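Colleague: Please take a close look at one part of this model for me, and then connect it with whatever else can be said about the fold. Plain words will do.

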Amino acid sequence: MATLKALRIRIGSVKSSEKITGAMKMISSAKVHKFELELKKLVPFRSQVKSIMAHLLATDTDFRSPLIAEREVKRVGVVVFGSDDGLCGAYNINIFKRLLIELSSIREKYGRDVDVTVFPVGKKMAKAVRKLAGQNLKVEIIPDIDSKMVGKTVNEFGHNLRSRFLSGELDLISAVYMNFLSRSRQNPTAEQLFPVSREAIEGEAKGVADENKLYLFEPDPNTIFNEVLPMFVLSTLQEITIENRASEQAARVMAMQSANDNAKKLLESLQIEFNKLRQEGITTELLDILGGQTEK
């Protein structure tokens, strides 16, 4: 009967775990919805900035900006977004693998001697990238920068990265993050932040050349371009941050669903085992009773 008691305890424990994972799944689902709404709120601003950039580029002006100036790459910065909390499945592992691919690509493109600085965002990612520190690669953790930073902090982080690029401290800065496609699909991605690639902004100029006849630019297209370009980069960083948080919660939903399913299977298995042991116990007691009656 001691075995039955132990099984009762295990069954109770599994039921509690099932309730907890179910609750965590609901919380994460609500957070995914919250970040989806934040992405939608960002769309009008991003769309307006892209529209302005498109119309400017359609003027065929020779634009000049230190943010798009390419130079010899000797020092590279890589911002890698992860999570501060666990229980999100292979989320951080997949981003870390994408980081390794990005670092390998940087070495192949710019040489083995290029200096790389990794800026981890999130405690889990900071812990993972520390093991990479070594020759020509250092890990720098910026205070107050984490996966849960608000919009103001994201902008400050963006200004910090821009200053490092403009000062020549870093010649190229890229970001590795989890691109949010849907609740069931997230894709680890690398994107160049500085210098701003012409491909990233020229793609917005398609289809607006004819409309540009209606636009007058003051003081001049290049001045406006240099005012709008930093907004374009900051909106990109804001979008990356929100997508990463949405992806984290989506991964947590999947992890909690998997844990919940496993708990149900284990519960069914334990219940069957419990019923078998209880039936065996009843059978043994009946046999003892019948054996006693026979002896009389």
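Modeller: Leu-286 sits in helix α6, which covers residues 221-295. Keep in mind that this is a predicted model. Is Leu-286 buried, exposed or partly exposed? Its relative accessible area is 49%, so Leu-286 counts as partly exposed, since the exposed class begins over 50%. Leu-286 also belongs to a nonpolar patch on the surface, which it makes together with Ile-282 and Ile-289. The area of this patch is about 270 Å².

Now to the sheet. It is open and has five strands, placed in the order β3-β2-β1-β4-β5, with mixed pairing. The edges are taken by β3 (137-139) and β5 (185-194); each has a single partner strand, so one side of each has no neighbour in the sheet. From one strand to the next, the twist averages 25 degrees.

At the β3 edge, the partner can be described further. Strand β2, residues 115-121, runs parallel to β3, and three bridges join the two. Within this pair, Thr-117 of the chain stands opposite Lys-138, a residue of β3.

Two helices lie across the strands. Helix α2, made of residues 91-110, lies across β1 (75-81), β2, β3, β4 (172-182) and β5. Its direction is at about 145 degrees to β4. Helix α4, residues 151-166, lies across β1, β2, β4 and β5. Relative to the edge strand β5, helix α4 runs at about 45 degrees.

Key. Residues numbered from 1 in each chain as written. Predicted model: local features only at pLDDT ≥ 70, side-chain atom pairs only at ≥ 80, totals over all residues. Heavy atoms only, no water. Pairing = 2+ DSSP bridges. Helix = DSSP H or I, 4+ residues; strand = E, 2+ residues; numbered from the N terminus. Axes fitted to C-alpha atoms, helices over the stretch in contact; angles between N-to-C directions. Contact = heavy atoms within 4.5 Å. Patch = residues over 30% accessible without salt bridge, like charges linked within 9 Å, V, L, I, M, F, W, Y side chains within 5 Å. Areas by Shrake-Rupley, 256 points an atom, 1.4 Å probe, with all protein chains shown as cover. Salt bridge = Lys/Arg side-chain N within 4 Å of Asp/Glu carboxyl O. Buried < 20%, exposed > 50% of the residue type's maximum accessible area, 1.4 Å probe, protein only.
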